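This report introduces a structure to a reader who has not met it before. Please look over the sequence and the model before reading on.

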There are 2 protein chains.
Amino acid sequence: MALTKTAIVEAAQGILEEYGLADLSMRRVADSLGVQAGALYYHVPNKQTLLAEIADRILADLREVATLPEWAADLRRVLLGHRDGAELVVTTRAMGLGTVDPTGPARALVPAGPGDHVLRTFEHFVLGATLHDQTRAQLVGIGLLAGFDLEEADEAFRSGVDILTRGVGIFIAPVA
Amino acid sequence: MALTKTAIVEAAQGILEEYGLADLSMRRVADSLGVQAGALYYHVPNKQTLLAEIADRILADLREVATLPEWAADLRRVLLGHRDGAELVVTTRAMGLGTVDPTGPARALVPAGPGDHVLRTFEHFVLGATLHDQTRAQLVGIGLLAGFDLEEADEAFRSGVDILTRGVGIFIAPVA
DNA sequence: ACCTGAACACCGTTCAAGT
DNA sequence: ACCTGAACACCGTTCAAGT
């Protein structure tokens, strides 16, 4: 069968889930499809856009939610559900690639104008915290890091969401 | 003069500031020092630890501060002050490398126990937001992205810090 | 139109051999 | 002890040539 963009994206995602982002090369994707690396460039402009396409597929797992904390937890769930999901989405978002905005399901929960700052703040926290925790969790899995517990990190994440929601005053005396 | 670890770290940082993280290769560092790439490995175990050493140097610019929002602004200032500073520090922190904790100057501002969650939450937000903004600012500089304004991003950052400090209630009606 | 084969210009890391 | 030279096992991307 002929090579298609969809087949390439799916093959790339398969390699990502199985071997991780560091081992996801254009040559490996081509190999798994039984073609030469150069052939990919007839269907995909470059590696970055291919990765952005995978990021879009990952973010498609996002569910509808009723509250901001629920949305934060769901975004974290989706990112942790895919190998190197946080790193992929962080990079894609930072470069302005990808078409799926992770704050999408939360848009309806805040007023259009001032709610924007709230959504961006939540997004940066969720991506920052989850990138940190997922990287560490994966290092523990390879035996390159010890003393990190994802359950504890989940607990800290929920505290972070509480702080964003109610302010630091819930944990410490209000600051100037 | 003989090659030293310090000379290698300084040369690497020089290349980072001038050409960026993507162009910072062991071979380039070696070239700039007039040695072969393999020679570096007698003084530095690998590239990651070399990068961690640069991250430590960058975080050494952190000032003493009196409040949490002031510390957040200072960390952002330091990261934006070095090319790819945010990416470098995010990666180094996630992998548990580097010896300088960016929350250091803020430790004295919060109580020992519950203050920890507050610090980590602030750290993840500052790193997440600044990584995002610095990447976009640098893409604008190369002409690969338009419609991003760092002044606006700074403003959004300050709003984010306000939300962390006082809760989302200052921007929108309190959420469940 | 679509793909191969081969090349260009690189990587991080290792290691025998020299000094 | 410290460095060179050369290798190993790769990269992303381009492009003439074939079908």
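## Contacts with the DNA phosphates

Which atom in the side chain of A:S25 is 2.9 Å from a phosphate oxygen of DNA strand D? In this predicted model, the atom in the side chain of A:S25 is an N or O atom. A backbone N or O atom of A:M26 lies 3.0 Å from a phosphate oxygen of DNA strand D, and in chain B the side chain of B:H43 places an N or O atom 2.6 Å from a phosphate oxygen of that strand. Two or more residues of the surface near DNA strand D come from each of α2 (26-33) and α3 (37-40) of chain A and α3 (37-40) of chain B.

## The surface around strand D

DNA strand D is surrounded by 17 residues, the closest being A:R27, A:Y41, A:K47, B:Q36 and B:H43. By class, this surface has 8 nonpolar, 6 polar and 3 charged residues. Of the atoms of DNA strand D within 4 Å of the protein, 58% belong to sugar or phosphate, and the rest belong to bases.

An unreviewed UniProt entry places a "DNA-binding region" at residues 25-44 of chain A, a span that is 60% helix and 0% strand, with its end C-alpha atoms 14 Å apart.

## Cavities

The structure holds 3 cavities of 30 Å³ or more, and the largest encloses about 150 Å³ of space. Its lining has 14 residues, with A:G128, A:L131, B:V90, B:G128 and B:L131 nearest the centre, and it divides into 7 nonpolar, 6 polar and 1 charged.

The second largest cavity holds about 40 Å³ of space, and its lining includes B:A55, B:D56 and B:L59.

Key
Residues are numbered from 1 along each chain as its sequence is written. Chains are lettered from A and ligands numbered from 1 in the order in which they are written. This is a predicted model: local features need pLDDT of at least 70, side-chain atom pairs count only at pLDDT 80 or more; totals for chains, interfaces and linings use all residues. Side-chain values use heavy atoms; hydrogens and water are left out. UniProt positions are given in the numbering used here, feature names are shortened, and annotations may be inferred rather than shown by experiment. Helices (H or I, at least four residues) and strands (E, at least two) are DSSP runs, numbered from the N terminus. A residue is near a molecule or strand if one of its heavy atoms lies within 4 Å of it. A polar contact is a pair of N or O atoms within 3.5 Å; within protein, one must be able to donate a hydrogen and the other to accept it, and residues adjacent in sequence count only if both atoms are side-chain atoms. Ala, Val, Leu, Ile, Met, Phe, Trp, Tyr, Cys and Pro count as nonpolar, Asp, Glu, Lys and Arg as charged, and the others, Gly among them, as polar. On a 1 Å grid over the protein atoms alone, a cavity is a set of points where a 1.4 Å probe fits but cannot get out, and a pocket is an open set with protein on both sides within 12 Å along at least five of seven lines; lining residues have an atom within 4 Å of a point. Grid points are joined across faces, edges and corners, and a volume is the space filled by probe spheres set on the points.
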